[in-house]
Amino acid sequence: MDRTPNRLIHEKSPYLQQHAYNPVDWHPWGEEAFALARSEDKPVFLSIGYSTCHWCHVMERESFEDEDIAALLRATVVAVKVDREERPDLDSLYMAFCQALTGRGGWPLSVFLTPDGQPFFAGTYFPKESGYGRTGMRELLQRVHMAWKTNRQAVIGNADQILEAVRDQMAAAGSAAAEPTESELESGKAQLTAIFDAENGGFGGAPKFPAPHNLLFLLREYRRTGAADCLSMVRASLDAMRRGGVYDQVGFGLHRYATDAHWFLPHFEKMLYDQALAAMAYTEAFLATGEPSYKQTALEIFEYVRRDLTSPDGLFWSAEDADSEGVEGKFYLWNAAELRALLGEDAAFFMAAYGASEDGNSHDEATGEQTGGNILFQPNPLGNVAATAGLGAEALERLERCRQVLLAAREKRVRPLCDDKVLTDVNGLMIAALAKAARAFDDEELAARARQAADGIVAKLGLPGGRLLHRLRDGEAAIAGMLDDYAFLAWGLTELYQTVFDTGYLRQAIVLSQTLLDHFADAGEGGFYLTPDDVEALLLRQKIFYDAAIPSGNSAAFFVLTTLFRLTGNTAFKESAAALARAMTPRLADHASGHAFFLCGLSQLLAKASEVTIAGDPDNPDTHALARAVFSRYLPEAAVVLRPDDVEPDIVGIAPFTRYQLPLDGRAAAHVCRGGSCQPPTSDAAKMLELLGA
């Protein structure tokens with residue numbers, strides 16, 4: 001049946017466009033919707049989700065595509081649809097209300113608001129009809145309508161109480177205190193150790209998320225303290241994820257999370273931010289251990305991103321859906337007949353290596369019934385499989401040929417939707433990951449990809465005066481940049497500077513950080529607000545410190561500010577970082593491990609933070625040799641500057657302390673400062689590493 005599109009047809013978001021042909025009279029977020037609610041004396045139904053959210057699709061099929069529910073929505077509410085990735089400020093605000101009301105959150109997020117935007121009821125997924133102890137959408141709309149018409153004052157009173165409760169909760173999070181110390185690091189490690197799954201790797205039970213920033217923190221604690229258990233937790237987790245069904249064994253890259261404790265059954269969507277953070281963890285683990293498989297996994301993740309999440313102009317798209325042809329995971333599953341037809345005489349060997357069976361190893365998450373499909377995983381490391389077969393490298397080559405055959409066959413299937421929004425914040429994460437790996441692996445191609453993305457983001461989403469926009473799609477850049485956009489992009493630029501030593505990237509990172517200080521900082525209590533001081537005012541102006549699926553903007557800002565202080569010597573960055581750390585201290589008291597990326601920055605500072613200036617001709621082998629010596633070791637606490645041997649190089653204007661840090665007797669020299677103490681320069685790489693405590 002042909003349908004007339006609703007207002008969402010004019011929106012750029014793929015998620016909103018998915019709903020553009022619903023019979024629901026959807027509105028995008030804006031004054032027009034709230035003015036209509038006031039004029040028609042209706043509450044607002046706010047539905048927040050994202051394009052690759054499985055349960056968002058389910059709720060759409062059950063309710064938003066249903067003519068009866070759509071008619072009930074039109075009669076009782078003004079319906080507003082929001083893409084959480086476009087408007088993380090709205091998502092974060094109303095998720096806080098949902099969690100205050102229900103004790104939990106998630107997507108789709110369903111909130112009922114008064115016409116002035118105050119929430120009075122919230123939840124997540126609602127089925128069409130009530131049953132099994134869960135209220136259905138039909139009954140919920142009828143109850144909300146009745147309450148709005150007959151008990152208005154109680155509804156408004158409830159909204160006022162919820163708003164005050166959330167405001168009080170934010171205020172109770174703690175005022176600025178003393179700066180955190182090693183005790184907070186020890187507390188964070190102890191909390192992660194307590195929930196570490198020694199049998200399966202990772203933390204906690206089911207569902208199990210990759211949470212790479214936990215691993216980045218433990219790696220830094222291993223570097224700082226030498227604690228072997230930190231490294232063992234990291235290795236067990238990275239190994240289990242790479243072998244599990246949560247990793248795409250055919251096309252590479254991580255799925256969102258595992259629904260079980262064993263990393264086997266994934267929730268199949270793939271997010272750009274997960275790829276960036278996981279690649280960082282595998283890269284740093286390679287530097288810490290020398291284990292080749294970690295480098296290989298990082299390169300595989302980058303290959304997936306290059307192939308499936310990179311735009312023609314080198315920017316990065318946001319995500320791939322879990323569903324194709326209306327079925328979650330269909331794109332990724334294989335039945336035994338397919339495998340035999342495609343792989344021929346290699347099928348049995350491949351199926352044994354990747355845990356596939358004749359009847360299929362996967363089951364429906366809801367019913368528990370076998371699907372006949374196989375999720376590919378590695379019950380044992382492939383090296384062990386090859387050794388057991390007595391074939392060595394030949395077996396690994398056979399398995400790789402099989403993988404390539406399956407990848408080519410899979411490319412002919414109906415693909416999951418790709419959310420091709422370009423978001424500034426997660427592009428910043430991927431730039432950081434590429435830059436970090438480029439210098440760890442001495443890989444010019446990765447560095448070039450990071451450069452292209454950084455240049456493109458600054459050109460297409462940057463504004464005069466150091467301001468940013470958040471989203472680019474179909475040539476339209478829009479939505480005022482938020483904290484994560486500035487902090488994550490600045491992080492990517494500081495990593496990129498330390499990889500290619502182009503001072504333009506360092507200058508851009510400084511400008512973005514200054515914008516944070518000018519427009520996002522809480523001068524009284526410390527920390528940074530999610531939104532700048534000159535955009536649409538919402539009910540509350542939030543500060544988010546907790547590291548969820550990705551690090552918080554405040555954690556990233558701390559990391560960036562402390563790094564910029566050490567790269568430039570500008571004490572304003574140090575003072576702002578200290579104020580942020582004091583604001584963080586009370587929050588660490590109850591749940592230090594929930595701020596793992598903040599602890600990454602703190603661990604680096606307390607591990608005798610090091611500054612290295614390499615002085616020399618950038619094109620000379622001796623300069624490159626010193627840089628490679630630093631970059632090939634695991635030294636997360638080291639900030640590295642290149643001082644070309646020009647009379648007055650650009651870096652001197654940014655970092656005045658480099659003015660007199662010169663080559664030594666015509667050779668490139670390393671000027672090392674560690675823990676606030678500077679040593680005489682040296683041209684000897686081994687001596688430099690000794691000074692760095694490598």
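Show the whole chain as a cartoon to start with, where there are 26 helices and 20 strands, helices being DSSP runs of H or I with at least four residues and strands runs of E with at least two, both numbered from the N terminus. The radius of gyration of the chain is 26 Å, close to the 26 Å of the globule rule for 694 residues, so the chain is as compact as a globular protein of that length; this radius is taken over C-alpha atoms, and the rule is 2.2 Å times the number of residues to the power 0.38. What you are looking at is a predicted model, in which local features need pLDDT of at least 70 and side-chain atom pairs count only at pLDDT 80 or more, while totals for chains, interfaces and linings use all residues. Residues are numbered from 1 along each chain as its sequence is written, and side-chain values use heavy atoms, with hydrogens and water left out.

Turn the C-alpha trace along its principal axes, and it spans about 85 × 70 × 45 Å. Of the 694 residues, 58% are buried, meaning under 20% relative accessible area with a 1.4 Å probe and protein chains only, whereas exposed means over 50% and partly exposed lies in between.

Next, select residues 44–49 and 109–113, which are strand 2 and strand 4, and which pair in the antiparallel sense over 5 bridges; two strands count as paired if DSSP finds at least two bridges between them. Within this pair, I48 stands opposite L109 of strand 4. Widen the selection to the open sheet of 5 strands, whose order is 1-3-2-4-5 and whose pairing is mixed. Its edge strands are strand 1 (27–28) and strand 5 (119–123), each of which pairs on one side only.

Now move to residues 638–643, strand 18, where 6 of the 6 residues are buried. With side chains displayed, A638, V640 and L642 point one way, while A639, V641 and R643 point the other way. Add residues 610–615, strand 17, which runs parallel to strand 18 and is joined to it by 6 bridges; here A615 stands opposite R643 of strand 18.

Finally, select helix 22, residues 571–591, and find S576 within it. Is S576 buried or exposed? At 19% relative accessibility, S576 counts as buried. Leaving aside residues up to four places away in sequence, S576 touches L517 and L561, a contact being heavy atoms within 4.5 Å.
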